[in-house]
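This report describes how protein and DNA meet in one model. Please look at the sequence and structure below before reading on.

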Protein chains: 2
Amino acid sequence: MEEKSASFGFEQHDHNLCLSKAIQAAEDYCTKYKLQFTPLRRKVLELLLQEHRALGAYAILDLLRDAGFSSQPPVAYRALSFLVEHGFAHKIERLNAFVACTLSDTSHSPIFMICRKCETVVEAQSLSSNLNISAAAKAKGFEVEQTNLEAKGVCHSCVETV
Amino acid sequence: MEEKSASFGFEQHDHNLCLSKAIQAAEDYCTKYKLQFTPLRRKVLELLLQEHRALGAYAILDLLRDAGFSSQPPVAYRALSFLVEHGFAHKIERLNAFVACTLSDTSHSPIFMICRKCETVVEAQSLSSNLNISAAAKAKGFEVEQTNLEAKGVCHSCVETV
DNA sequence: AAAGCTAATGTTATATTATTGCAATAGAGG
DNA sequence: CCTCTATTGCAATAATATAACATTAGCTTT
Ligand SMILES: [Zn+2]
Ligand SMILES: [Zn+2]
Ligand SMILES: [Zn+2]
Ligand SMILES: [Zn+2]
């Protein structure tokens, strides 16, 4: 009874599994590092994991209200800060929105592919590109601490549609 | 009487020349493509070129007021849109701010190195990294249209200071 | 030059995104 | 249970950005 209806990585996959694994991983990480994976934080991560799209803070706030939490901006922003800080989510700067992390590896330099039609956000691990960047930077005497690459384009599903 | 006091590319350089060249290039480009390089647009580009730092729209607005222009938000945002659209400036998403383009090549995929201490923003041309990204994307069936890489770190001058 | 058209700018209002400061509450640790 | 700290709730406001419409400037055509 495997469900593979949701799209991810621009591919079909078992999204229920995808979601529960990510939650479990976050829980394990928090236990290990004595972080508080509170109901609020868990809920926000779940909301982000529902879809492989970036959600704005105020969209999350609406969903939190539905779930019985407070719906004041700081509530969402603080939970999101926690999730981003510990690598459970990322901020997509060009959308002012947040997406759940889909890579198990903590503290990575992600590449995001953002479909401008369906707004799906897929995260990939940076390949050698990161090395090139560091090299280019080093040549200019710059110490890279964190990189963020956001690619806008059209995904497989959308490229065929008008 | 060469002046090399300003830092750029984390290096000393003749900033007056740097500025006037960029203005001239923009002027030439606009003439060629019949774009209106109006006093307002020129002024905003000049303001961005003053420093190799990203300026927020409202900072620009303050400077515009000093220069006798209107200081309502749309004035700055429209001029910035024009400059960004035609490649004379870029938006630094993680700063919600704008920086003058320092590369002559029109329509490129820039890399920005942002010093978190002095806030200098240096633009570099992407090397082979772009190819890697497109390759990674293609593997996922994604058509890259535009990429933006922002690296946070510490520049040469600041790395030595506490 | 005058009229007509289009692009750019001015202006007002409002939408969207994000933070500050403080009070109340929940959870960890003794 | 008590204390301390982290988290959440809440109110106000800051910072960033856009929409809608009026006015002006710069061309084009007559
Ligand atoms: Zn999934
Ligand atoms: Zn799509
Ligand atoms: Zn310069
Ligand atoms: Zn610096």
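## Helices beside DNA strand D

In this predicted model, three helices each supply at least two residues of the surface near DNA strand D: α2 (39-50) and α4 of chain A, and α4 of chain B. The helix that gives the most is α4(B), with four residues.

## Residues around DNA strand D

DNA strand D has 16 residues around it, and those that come nearest are Thr38(A), Arg78(A), Tyr58(B), Pro74(B) and Lys91(B). Of the atoms of DNA strand D that come within 4 Å of the protein, sugar and phosphate make up 50%. Sorted by class, the surface near this strand has seven nonpolar, five polar and four charged residues.

Three side chains of chain A show contacts with different parts of DNA strand D. Thr38(A) has a polar side-chain atom 2.4 Å from a phosphate oxygen. For Gln36(A), an N or O atom of the side chain is 3.4 Å from a sugar or linking oxygen. Arg78(A) is placed at a base instead, with a side-chain N or O atom 2.6 Å from a base nitrogen of DNA strand D.

## Helices beside DNA strand C

Both chains also supply helices to the surface near DNA strand C. Here α4 (73-85) of chain A, α2 (39-50) of chain B and α4 (73-85) of chain B each supply at least two residues. The largest share, four residues, comes from α4(A).

## Residues around DNA strand C

DNA strand C is surrounded by 17 residues, the closest being Tyr58(A), Lys91(A), Thr38(B), Gln72(B) and Arg78(B). Sugar and phosphate account for 50% of the atoms of this strand that come within 4 Å of the protein. The surface near DNA strand C is made up of seven nonpolar, six polar and four charged residues.

Which part of DNA strand C lies 2.6 Å from a polar side-chain atom of Lys91(A)? The partner is a phosphate oxygen. Tyr77(A) also has a polar side-chain atom beside a phosphate oxygen of DNA strand C, at 3.0 Å. From chain B, a polar side-chain atom of Arg41(B) lies 3.1 Å from a phosphate oxygen of the strand.

Definitions and conventions:
Residues are numbered from 1 along each chain as its sequence is written. Chains are lettered from A and ligands numbered from 1 in the order in which they are written. This is a predicted model: local features need pLDDT of at least 70, side-chain atom pairs count only at pLDDT 80 or more; totals for chains, interfaces and linings use all residues. Side-chain values use heavy atoms; hydrogens and water are left out. A residue is near a molecule or strand if one of its heavy atoms lies within 4 Å of it. A polar contact is a pair of N or O atoms within 3.5 Å; within protein, one must be able to donate a hydrogen and the other to accept it, and residues adjacent in sequence count only if both atoms are side-chain atoms. Ala, Val, Leu, Ile, Met, Phe, Trp, Tyr, Cys and Pro count as nonpolar, Asp, Glu, Lys and Arg as charged, and the others, Gly among them, as polar.
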